[in-house]
Amino acid sequence: MDYLFDIMLISISAALINNFVLYYFVGICPFIGVSRQVGMAVGMGSAVTFVMTVAVFISWTITTLILVPGAPLSSWVAGFFMSAKNAATVDLTILTYIVYIFSIASSVQFVEMYVRRFYPSLYKTFGVFLPLITTNCAILFACLTVMTNIVGVESPEEAWDLGRALALGIFGGLGFTIAIVIMAGIREELDLCDVPKAFQGTAITLIVGGILAMAFMGFTGVDSGIRALVAGAP
């Protein structure tokens, strides 16, 4: 029961309370660049969610099996060159950024090939923004968040397992999709409005983004409230 409760809190937090775009302000480039039409926003959000999920899965696997001190694969390989005691202390977390970037790039390449093959019109609509998912810092941020909850914990029992990591990846991508679709809907309506010349274009988009971020601040404390409610339940 506690495990499912943790999954629920991670999911709600990633999608709404600590939305990657509107709380941490990562992934702003596609959030601004691909939010002119709702259809494009939904497609981009789906692609980011898929890539984020795959990248988190790959990153968690590599981190757990290779990068962290005492990881089974790195300890086994190091055992051929040093004592078992020293092999268990090998720490490869310095390679975190390189490994995660390669994981994201390979995931994006897979998505690009799939979309180009089965949805050519959507591929043409995305244009340069689809390859730019590789540089979407929201995906790297999700991978690094998973790493901090594996390496940066006080005891091994607190380290995230694959289920928690995937919950963050899936619902972090869902939160990105929610944010970009809301922005796209507003921008479609703005095209029909008489926006002052000084605020046309990027200016009004950033203002709307700021207002959305303040609106999402209304979710602050929801996770604490749910935790307190469950803790006080008989």
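Glu112 and Arg116 both sit in helix α6, four residues apart, which is about one turn of the helix. Their side chains meet in a salt bridge, with 3.8 Å from N to O. Keep in mind as you look around that this is a predicted model. The notes below start from this pair and then move on to the other salt bridges, the nonpolar core, a surface patch, helix α10 and a few single residues worth finding.

**The pair in α6**

- An α-helix has 3.6 residues a turn, so residues three or four places apart point the same way.
- Glu112 counts as buried because its relative accessible area is 10%, and the cut-off for buried is under 20%.
- Arg116, the partner of Glu112 in the salt bridge, is partly exposed, with a relative accessible area of 43%.

**The other salt bridges**

- How many salt bridges does the structure hold? There are three.
- One of them joins the side chains of Asp6 and Arg164, at 3.0 Å from N to O.
- Asp6 belongs to helix α1 and Arg164 to helix α9, so this pair ties together parts that are 158 residues apart in sequence.
- Arg164 also meets Asp161, side chain to side chain, in a salt bridge of 3.4 Å, N to O.
- Asp6, Asp161 and Arg164 are therefore worth viewing together, because salt bridges link them in a network.
- Is Arg164 buried or exposed? Arg164 is buried, with a relative accessible area of 16%.
- Both acidic partners are partly exposed: Asp6 has 30% relative accessibility, and Asp161 has a relative accessible area of 26%.

**The nonpolar core**

- In soluble globular proteins, nonpolar side chains tend to be buried together.
- Here, the largest nonpolar core has 55 residues.
- Which residues have the most contacts inside this core? They are Leu22, Phe31, Met52, Ile133, Ile139 and Val146.
- Helices α1 (2-17), α2 (28-33), α3 (38-67), α6 (96-118), α8 (137-151), α9 (162-190) and α10 (202-216) each supply at least two residues of the core.
- Helix α3 gives the most, with eleven residues.
- Met52 is a good place to zoom in: setting aside residues up to four places away in sequence, Met52 touches Phe20, Ala138, Ile139, Ala142, Gly169, Gly172 and Gly173.

**A nonpolar patch on the surface**

- Some nonpolar residues are found on the surface: Leu65, Leu73, Trp76, Val77, Phe80, Phe81 and Met82 form a patch there.
- Together, the residues of this patch have about 770 Å² of accessible area.
- Where does the largest share of the patch come from? Helix α4 (residues 72-78) supplies that share, with three residues.
- Met82 lies in the loop between α4 and α5 (84-87).
- With 37% relative accessibility, Met82 counts as partly exposed.

**Helix α10**

- Helix α10 has 15 residues, and at 1.5 Å a residue they should span 21 Å.
- The end C-alpha atoms of α10 are 21 Å apart, which agrees with that expectation.
- The buried residues of α10 are Ile204, Thr205, Val208, Gly209, Leu212, Ala213 and Phe216.
- Among the parts that cover these buried residues are α1, α2 and α9.

**Single residues to look for**

- Thr177 has its place in helix α9.
- Thr177 counts as buried because its relative accessibility is 14%.
- Apart from its neighbours within four places in sequence, Thr177 is in contact with Gly45, Ser46 and Thr49.
- Thr134 is found in the loop between α7 (120-126) and α8.
- With 28% relative accessibility, Thr134 counts as partly exposed.
- Leaving out neighbours within four places in sequence, the contacts of Thr134 are Ile104, Ala105 and Val108.
- Thr134 and Asp6 are 128 residues apart in sequence, and their C-alpha atoms are 29 Å apart in space.
- Most residues other than glycine have a negative phi.
- Phe25 has a positive phi, near 60°, although this residue is not a glycine.
- To find Phe25, look in the loop between α1 and α2.

Note on methods: Residues are numbered from 1 along each chain as its sequence is written. This is a predicted model: local features need pLDDT of at least 70, side-chain atom pairs count only at pLDDT 80 or more; totals for chains, interfaces and linings use all residues. Side-chain values use heavy atoms; hydrogens and water are left out. A nonpolar core is a set of buried Ala, Val, Leu, Ile, Met, Phe, Trp, Tyr and Cys residues joined through side-chain atoms within 4.5 Å. Buried means under 20% relative accessible area, exposed over 50%, partly exposed in between (1.4 Å probe, protein chains only). Contact means heavy atoms within 4.5 Å. Patches are made of residues with over 30% relative accessible area and no salt bridge: like charges are joined within 9 Å, nonpolar side chains (Val, Leu, Ile, Met, Phe, Trp, Tyr) within 5 Å. Accessible areas come from the Shrake-Rupley method with a 1.4 Å probe; for residues, only the protein chains shown count as cover. A salt bridge is a side-chain nitrogen of Lys or Arg within 4 Å of a carboxyl oxygen of Asp or Glu. The expected span of a helix is 1.5 Å times one less than its number of residues.
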